[in-house]
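The following exercises concern a single molecular structure. Please work through each task before reading its solution.

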Amino acid sequence: MTAHVMCLTSSGGIPIFARKKGEGDMMTFSKMASLNGVHMFLKSQNMELLNTNMPDTTVVWKEYEECITLIAIASGTTKRVLNQFLDAVFSAMILVVGIDDIKNPRNVERLKRDLRICNPIIDRLLECLDVGDRISTKTDLVDLTESIMCPENHLLQACLEAYVECLDSMYGCILIHGSLSVATESWWCLDPVERKLLTIAATTEDSCTARDLPVFLPNKSPNVAFRLVSVTLVNHIEVLSLCGPTPELSEVERLAIQCWRSSIDILRAAEQSYTKNFPFNISLDSGILGFLLVNYRIGKFVLSRNPQNTKNRVTGTHRLDILRTFYHQAVETFLLSEDIEECQTDSTETPKRLNQQENGQKFEGAKETYWCSEYHKCHAVKEGDQVFCVLYSATVPTHTMRLITHKTLKTLLADKQLCW
Amino acid sequence: MSLSTESSLFVGNSILLTINMSNAISMNWLNSTEGESLLHHFYNRSTNKRRFYGILERPPLPSSIEEVTYKIFIIGRSGVGKTSVVSRLAGNVGYSGYFETNGIKKTTIYWPVKIWDKVVLFKLHFWDTSENSIKKYNHILPVSFVILHQACKDKVDAVCTVFSFDDASSFNDVPQLMNSMSAIAEKPGNIVIGTKYRAWSSLAVTDTQVNEFEEKWKVKIIRIDTHKSVTRPEIFDCSYQLNWICETLWDRDQEFISKQVVQV
């Protein structure tokens with residue numbers, strides 16, 4: 001079970017980088033050349049090679065800006081996810097070097113070297129792919145922001161607004177163990193992939209006290225760089241912001257201390273919600289093993305396991321992987337199929353694709369779907385902008401699943417303090 | 001094998017002979033009863049991890065313990081392991097792969113030290129950056145470049161030059177790198193760290209070279225092996241290195257104070 005991604009120049013087929021996840025060797029040069037060759041040959045025949053399916057493996061090709069070809073090979077995942085993944089990889093390249101250097105590189109060797117700093121980001125994107133290897137420590141989705149529902153969120157929101165104002169910025173968010181707790185309105189207006197990449201860029205390395213790195217925003221600002229400044233307030237909680245040339249890092253720290261000093265207890269309390277990812281006062285039905293709540297319009301999700309069921313034989317991370325598989329295989333196919341078509345017809349306007357289908361005439365996809373297997377059952381329901389997927393133990397009768405799902409969703413959404 | 005054993009013993013002796021340090025800091029204090037009693041503020045035995053503190057926090061030590069803050073700027077050739085040195089000193093063990101550092105990274109390490117008869121809490125700010133990203137800032141954010149570059153070197157207490165024992169040329173660069181920083185107004189102290197050090201094996205940088213260097217520049221070279229796996233709590237395996245860094249900073253301050261007194 002392996003996933004590979006490689007990047008070549010479209011004109012000359014010069015390899016720029018190749019990364020992989022899972023066991024097996026790196027892609028050999030000759031294999032890379034053949035894969036690129038097929039794509040190039042068809043291009044000369046005025047055909048675009050999109051993808052090919054092998055019994056358990058999919059290959060996807062994609063050319064960007066007529067200068068870069070990305071190729072992904074992975075098993076166990078869908079073409080939709082691989083396409084999203086390649087888009088995210090290209091965005092990661094823009095994030096670190098900007099679009100100009102990619103379109104008109106002064107020389108390829110230099111571009112290669114400059115792109116080395118996006119290796120840790122690409123590795124994290126590879127972790128988002130569902131290749132069924134069960135070694136990943138975190139279950140993540142390529143185009144959605146991982147969030148955490150803390151009861152303290154509404155308090156943190158107010159502090160965050162004040163903080164970004166001090167920095168003369170509009171973009172800011174708080175990460176608790178790498179999951180987003182609250183963000184400013186402008187942060188939510190960023191493209192989902194931009195949000196994902198900024199979060200990854202700020203958390204790729206071991207814990208550090210403060211960071212200051214130049215970033216290009218793939219959609220919003222591919223030519224002009226911003227500074228992504230992150231400060232660790234208390235252990236495991238960071239506050240991120242996008243700044244212009246000023247204030248400098250020491251000044252940011254000083255302002256952070258000033259703005260957050262009085263909220264240290266709130267921050268520590270919020271950190272306690274981690275691993276459960278939703279408030280302690282909400283208890284789940286004993287049949288629920290875990291859930292995945294997605295707001296597909298905004299592009300964020302919460303993934304959680306039910307702490308009452310920790311003694312269950314299936315390990316926690318594995319369980320959450322099932323939900324991800326269910327989401328990609330069933331939910332995206334049946335419940336969100338309409339959005340996928342939209343996205344494929346006008347790929348230029350991907351960020352706005354979801355807002356466009358306001359006319360109620362079309363088929364909007366199914367409302368519910370479920371899976372039953374020997375050990376588990378999965379049930380998903382779509383309500384408004386939310387898709388709620390729940391993992392049940394096999395003992396829960398199939399017809400009661402929808403009852404519990406609806407009830408739980410209602411409880412979660414009723415709590416306004418969570419700022420969901 | 002036996003040869004290298006002898007030479008490293010020799011190194012041990014030569015340090016005492018050639019480098020005139022005040023020896024104010026008790027190197028094994030962490031193993032003492034008093035050291036052990038404070039250890040839990042810095043190391044979590046149940047998770048076997050160093051405690052990390054955000055900017056709003058600090059180790060909850062008695063208020064009688066004095067806190068001193070220092071800023072240390074890390075320099076060294078690209079790829080020698082500047083980031084992994086800081087990461088190891090901060091308590092992270094194990095190899096996480098080589099990734100180039102992007103932008104500026106600041107890591108704060110709290111370290112308790114026994115100086116003469118008094119416990120002092122050192123708050124060490126390590127500033128880590130790569131020459132490449134400074135250049136890049138220059139290229140993409142011209143206005144802030146000057147500010148940023150100054151931000152890194154502003155009020156620096158010590159410059160920490162990192163080289164790799166695997167790479168002789170990175171070692172040969174050290175004097176030049178040290179000189180390039182001597183123009184800073186504050187006259188920062190010099191710390192030299194050699195990474196990828198493995199005892200009992202032949203290295204590109206030999207012990208003789210290290211001795212000559214120490215003799216010539218009157219700077220002690222601190223050896224670190226960041227990939228070494230440890231059985232005892234990791235904090236004991238880098239206490240020697242951290243104590244040496246604190247000692248250098250402390251001696252610089254003492255020298256400064258004594259000069260002030262003379263002037264008066």
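**Exercise 1: Cysteines**

At 2% relative accessibility, C378(A) counts as buried. The model is a predicted one. Determine how many disulfides the structure holds, and why C378(A) is not bonded to the closest cysteine sulfur.

*Solution.* Step 1. The cysteine sulfur closest to that of C378(A) belongs to C389(A), at 8.1 Å. Step 2. A disulfide requires sulfur atoms within 2.5 Å. The 8.1 Å separation of C378(A) and C389(A) is therefore too far for a bond. Step 3. Over all chains, the count of disulfides is zero. Step 4. In chain B, C238(B) is likewise assigned as buried, its relative accessible area being 2%.

**Exercise 2: The sheet across two chains**

Establish the strand order of the open sheet of 11 strands, and state which strands stand at the edges.

*Solution.* Step 1. The order reads 8(A)-7(A)-11(A)-10(A)-9(A)-4(B)-5(B)-3(B)-6(B)-7(B)-8(B), and the pairing is mixed. Step 2. Strand 8 (179-183) of chain A and strand 8 (221-223) of chain B each have a single partner strand, so one side of each lacks a neighbour in the sheet. These two strands stand at the edges. Step 3. From one strand to the next, the twist averages 25°. Step 4. Where the chains meet in this order, strand 9 (residues 210-217) of chain A and strand 4 (residues 104-115) of chain B run antiparallel and are joined by three bridges. Within this pairing, I104(B) of strand 4 of chain B has D212(A) opposite.

**Exercise 3: Helices on the sheet**

Identify which strands helix 2 of chain A and helix 8 of chain B touch.

*Solution.* Step 1. Helix 2 (residues 79-97) of chain A packs on the sheet and touches strand 9 and strand 10 (221-234) of chain A. The direction of helix 2 makes about 115° with that of strand 9 of chain A. Step 2. Helix 8 (residues 207-217) of chain B also packs on the sheet, in contact with strand 7 (189-195) and strand 8 of chain B. Its direction makes about 145° with that of strand 8 of chain B.

**Exercise 4: Nonpolar cores**

Find which residues touch the most other members of the largest nonpolar core.

*Solution.* Step 1. The largest core has 60 residues, and F85(A), M93(A) and W187(A) touch the most other members. Step 2. Helix 2 of chain A contributes the most, with 13 residues. Step 3. Domain 1 (3-127) and domain 2 (153-271) of chain A each supply at least three residues to this core. Step 4. Beyond its neighbours within four places in sequence, M93(A) contacts residues including C7(A), F17(A), I68(A) and L115(A). Step 5. Apart from this core lies another of 47 residues, among them L61(B), V68(B), V86(B) and V113(B).

Technical notes:
Residues numbered from 1 in each chain as written. Chains lettered and ligands numbered in written order. Predicted model: local features only at pLDDT ≥ 70, side-chain atom pairs only at ≥ 80, totals over all residues. Heavy atoms only, no water. Pairing = 2+ DSSP bridges. Helix = DSSP H or I, 4+ residues; strand = E, 2+ residues; numbered from the N terminus. Axes fitted to C-alpha atoms, helices over the stretch in contact; angles between N-to-C directions. Contact = heavy atoms within 4.5 Å. Core = buried A, V, L, I, M, F, W, Y, C linked by side-chain atoms within 4.5 Å. Buried < 20%, exposed > 50% of the residue type's maximum accessible area, 1.4 Å probe, protein only. Domains from an automatic or database assignment.
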